[in-house]
Amino acid sequence: MVQNSGQENDRLVTIAGAQPDDEPELQSRLNDAWLNICSGLRRDLGAQIYGQWIKPIKLTAFDPAQGSLSLSLPSEFAANWVRERYADRLALAWKIQFSDVKSINFAAKAGAARIAQVKEQKIAEPVPPFTVAQNGKFRLDLDARMTFDEFIAGHSNVLALNAAQRMADAEKPLFSPLYLQSSTGQGKTHLMHAIGHAYRNEFPGARIIYMSAERFMIEFVSAMRRNEAMEFKAALREADLLMIDDIQFIVGKNSTQEEFLHTVDSLISQGKRVVVAADRPPQALDGVDQRLLSRLSMGLVADIQSAGLELRRDILQHRLAGLPHQDVPADVVEFLARTISRNLRELEGGLNKLLAYAQLTGRPISRELAEEQLSDILSACRRRITIDEIQRTVCEYYRLDRNEMSSKRRARAVARPRQVAMYLAKVMTPRSYPEIGRKFGGRDHSTVIHAVKLVEQLRGEDTEMDNDVRMLLRQLES
């Protein structure tokens with residue numbers, strides 16, 4: 001019996017062509033490997049993404065002769081989503097944990113209804129576990145959607161975007177390597193794929209290599225075991241453009257660091273282009289050889305800050321512009337942009353989950369539906385702003401006594417700030433209308449509903465009111 005990381009409804013994995021006596025051992029090995037893979041993915045991806053996309057995966061069949069492993073998911077939509085985004089990572093993880101697995105197939109579970117994709121697009125085939133072919137040449141796997149045209153610029157990422165575009169220009173850039181730095185999900189990988197696309201368009205015959213640092217290490221070790229280390233090194237140093245993602249995972253691996261250092265030196269001395277990305281600056285890479293740190297720091301270090309509200313809003317609107325048949329109200333877009341703020345990957349993942357649920361159930365998209373279906377993401381992202389904090393900030397902004405939030409006074413100079421505070425309490429906290437009313441002097445929930453609708457209307461009609469609300473939101477979110 002193969003357990004799927006503690007999931008219910010465990011099922012036996014069909015072992016094609018195996019002798020009956022061999023099946024229990026193979027099933028046990030597959031089980032152990034999958035548990036280790038799930039543990040690593042949960043740590044790397046976070047509990048929300050893991051629970052949404054990886055946890056539902058079930059092992060269904062394994063063909064030892066072909067090295068082919070079949071994975072099933074609850075729907076075609078989920079199978080396509082995982083195939084697009086995690087096939088490469090899963091293939092590499094299986095290569096490390098259970099090298100008999102050579103390829104992975106994704107499918108919806110038997111009997112699952114086919115789900116029309118939210119957006120028509122070409123679905124890539126599962127990525128084979130090797131980047132380097134037997135002839136020592138590298139295969140380039142770039143996501144067709146990750147181009148400069150699809151990258152939304154904002155104040156937080158404009159430096160990195162401009163540097164990435166220069167790296168892909170026909171004219172030789174003034175810096176190399178380019179070091180892209182940001183926390184998870186802010187666009188580093190998108191920019192690297194965009195560089196690859198643009199450079200290939202500019203130089204169709206160019207030799208481009210893109211891989212993660214983890215894959216670099218696996219390929220290097222595999223090449224040494226096959227006595228092909230020289231071919232591996234030669235293929236790397238023939239590159240016109242070398243891009244290594246998640247360089248922080250190369251720490252502590254002395255032989256791999258040494259090879260990477262020599263590769264970077266060789267390429268830079270030839271005037272070639274090198275791009276690396278990490279979740280921290282070069283100086284914060286513990287366990288990295290000082291010579292390598294020096295090389296990584298000698299070019300341009302471009303920092304991508306966390307996306308602000310305006311950029312998050314622009315990204316959602318751009319995504320929806322490509323889905324003309326999806327009706328997402330403006331207040332839902334605003335709600336998602338304000339509440340899913342940790343990283344852009346979660347933001348797009350939340351939107352996709354909402355779209356998929358609405359499509360599957362036929363329910364119209366609304367803020368209530370978003371709060372219901374994205375509760376796990378929202379609870380993890382939302383900063384715990386309290387109604388007391390909102391009242392205090394509003395009173396300081398409008399220069400009112402704090403007691404006016406609960407008073408019975410109806411003068412506009414008092415009532416309007418109180419209504420703004422009620423609106424902010426609904427937008428920025430998970431509190432219900434009755435709960436908010438109780439915090440404002442025991443007012444009825446209908447009073448709070450009226451205040452929220454009124455402020456929403458005034459924001460669209462009165463520039464001064466909209467500016468006041470925006471300023472208060474920035475103060476409370478900072």
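Helices (H or I, at least four residues) and strands (E, at least two) are DSSP runs, numbered from the N terminus. This is a predicted model: local features need pLDDT of at least 70, side-chain atom pairs count only at pLDDT 80 or more, and totals for chains, interfaces and linings use all residues. Residues are numbered from 1 along each chain as its sequence is written, and side-chain values use heavy atoms, with hydrogens and water left out.

**Exercise 1. Place Arg-338 and decide whether it is buried or exposed.**

Step 1. Arg-338 sits in helix α11.
Step 2. Apply the cut-offs: buried means under 20% relative accessible area, exposed over 50%, partly exposed in between (1.4 Å probe, protein chains only).
Step 3. Arg-338 counts as buried because its relative accessibility is 9%.
Step 4. List its contacts (heavy atoms within 4.5 Å). Leaving out residues up to four places away in sequence, Arg-338 touches Leu-309, Arg-312, Arg-313, Val-427, Arg-459, Leu-473 and Glu-477.

**Exercise 2. Describe the second largest pocket: its volume, its lining and its chemistry.**

Step 1. Fix the term. On a 1 Å grid over the protein atoms alone, a pocket is an open set of points where a 1.4 Å probe fits, with protein on both sides within 12 Å along at least five of seven lines; lining residues have an atom within 4 Å of a point.
Step 2. Grid points are joined across faces, edges and corners, and a volume is the space filled by probe spheres set on the points. The second largest pocket holds about 410 Å³.
Step 3. Its lining has 20 residues; nearest the centre are Asp-331, Arg-367, Tyr-423, Val-427 and Glu-456.
Step 4. At least two lining residues come from each of α11 (330–339), α13 (367–373), α16 (412–428), α18 (445–461) and α19 (463–477). Helix α18 gives the most, five residues.
Step 5. Sort by type. Ala, Val, Leu, Ile, Met, Phe, Trp, Tyr, Cys and Pro count as nonpolar, Asp, Glu, Lys and Arg as charged, and the others, Gly among them, as polar. The lining has twelve charged, seven nonpolar and one polar residue.

**Exercise 3. Find the partners of strand β5 and check whether its faces are covered.**

Step 1. In a regular strand the side chains alternate between the two faces of the sheet.
Step 2. In β5 (residues 178–181), Leu-178 and Leu-180 lie on one side, Tyr-179 and Gln-181 on the other. All four are buried, and both faces are covered.
Step 3. Two strands pair if DSSP finds at least two bridges between them. β5 pairs with β8 (residues 273–278) in the parallel sense over four bridges. Tyr-179 bridges to Val-276 there.
Step 4. β5 also pairs with β9 (residues 300–303), parallel, over four bridges. Here Leu-180 has Ala-302 as its bridge partner.
Step 5. Look just before the strand. Pro-177 is in the loop between α4 (158–168) and β5. A cis peptide bond joins Ser-176 and Pro-177, with omega about 10 degrees.
Step 6. Cross to helix α5 (residues 188–202), which holds Ile-195. Ile-195 is buried, at 0% relative accessibility. Its contacts include Leu-178 and Val-275.

**Exercise 4. Locate Asn-227 and Asp-246, and give the phi of each.**

Step 1. Asn-227 is in the loop between α6 (213–225) and α7 (229–237). Its phi is positive, about 60 degrees, although it is not a glycine. With 69% relative accessible area, Asn-227 is exposed.
Step 2. Asp-246 is in the loop between β7 (241–245) and α8 (254–269). Phi of Asp-246 is near 55 degrees, again positive in a non-glycine residue. At 23% relative accessible area, Asp-246 is partly exposed.
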